[in-house]
Structure formats: structure tokens, C-alpha cells
Amino acid sequence: MTLSMGFIAWIIIGGIAGWIASKMQGRDAQMGIGLNIVVGIVGGLIGGWVLGLFGVDVAGAGLFFSFLTCLLGAAILLGIINAVTNKRK
């Protein structure tokens, strides 16, 4: 996979994972596609870090595992955002 294809895959996987996580957390009405992509990509970094803490090797594990990693991280990120914004209200 070339670098540009990897970047496009990051955007697609991140967007789908961010969208599903926003649906799970009830924040989809507040987020557009751009924020879903950002949440999914940042979620991938968070998910990779969390799984790395448990000794799970996420590098080169395939697209489906990458998607699950992004989904896990996006759900964690949105859970933190929900906790912070609910405390302010």
C-alpha cells in the first residue's frame, strides 16, 4: 500500500469509526463528517496507545483490527468529552 493509499484508508476507517462511536455515545447530531473523521483518527491513536499498554501489538494487524482500534479509541475520547461537558452543565 502506498503512502497516499494509507492516508486515504486512515480517513475512511477513522470516519466510519468516529461515526459509529458518535452514534454509540449519542453525539451524532452535534458532529459532522469532519469531526467524525477527526474523532476516529485521534481515537485510533488513543486506541493504539491503550492496547499497547496491555501488550497488544497493533502494528500490521490488518484493516479490521485497525477499525476496531479506532472504534475503541473514539468511544473512549467521546466518553471523556461527554464527562467533561456534562460536568459544565
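Let's start from the outside: the accessible surface of this protein comes to about 5700 Å², and 74% of that belongs to carbon and sulfur atoms. Keep in mind that you're looking at a predicted model. Of the protein's 89 residues, 33% count as buried.

Now for the overall layout. The protein has 3 helices and 0 strands, so if you read along the sequence you get the pattern α-α-α. How much of the contact network joins residues that lie far along the chain from one another? Take the contacts between residues at least 6 apart in sequence: 66% of them join residues at least 24 apart.

Next, go inside. In general, nonpolar side chains of soluble globular proteins tend to be buried together. Here, the largest nonpolar core has 11 residues: Ile13, Ala17, Ala21, Met31, Val39, Phe67, Cys70, Leu71, Ala74, Leu77 and Leu78. Two helices, H1 (3–25) and H3 (63–88), each supply at least two residues of this core. The largest share, 6 residues, comes from H3.

Pick out one core member, Leu78, and look at what's around it. Leaving aside its neighbours within four places in sequence, Leu78 is in contact with Ala21, Ser22, Gln25, Arg27, Met31 and Val39. Two of those names come back when you look at Asn82, which lies in helix H3: not counting residues up to four places away in sequence, Asn82 touches Gln25 and Arg27. Is Asn82 buried or exposed? Its relative accessibility is 14%, and because buried means under 20%, Asn82 counts as buried.

Over to helix H2, residues 33–53. You can do a quick check on this one: at 1.5 Å a residue, its 21 residues should span 30 Å, and its end C-alpha atoms are indeed 30 Å apart, so the two agree. Which residues of H2 are buried? They are Asn36, Val39, Gly40, Gly43, Gly44, Gly47, Gly48, Val50 and Leu51. When you look at that list, it helps to know that an α-helix has 3.6 residues a turn, so residues three or four places apart point the same way.

Finally, follow the chain out of H2. Phe54 sits in the loop between H2 and H3, and at 67% relative accessibility it counts as exposed, because the cut-off is over 50%. Phe54 has company out there: together with Trp49, Leu53 and Val56, Phe54 forms a nonpolar patch on the surface, with about 500 Å² of accessible area in total. Also just after H2, Gly55 takes a positive phi of about 80 degrees.

Methods:
Residues are numbered from 1 along each chain as its sequence is written. This is a predicted model: local features need pLDDT of at least 70, side-chain atom pairs count only at pLDDT 80 or more; totals for chains, interfaces and linings use all residues. Side-chain values use heavy atoms; hydrogens and water are left out. A nonpolar core is a set of buried Ala, Val, Leu, Ile, Met, Phe, Trp, Tyr and Cys residues joined through side-chain atoms within 4.5 Å. Buried means under 20% relative accessible area, exposed over 50%, partly exposed in between (1.4 Å probe, protein chains only). Helices (H or I, at least four residues) and strands (E, at least two) are DSSP runs, numbered from the N terminus. Contact means heavy atoms within 4.5 Å. The expected span of a helix is 1.5 Å times one less than its number of residues. Accessible areas come from the Shrake-Rupley method with a 1.4 Å probe; for residues, only the protein chains shown count as cover. Patches are made of residues with over 30% relative accessible area and no salt bridge: like charges are joined within 9 Å, nonpolar side chains (Val, Leu, Ile, Met, Phe, Trp, Tyr) within 5 Å. A salt bridge is a side-chain nitrogen of Lys or Arg within 4 Å of a carboxyl oxygen of Asp or Glu.
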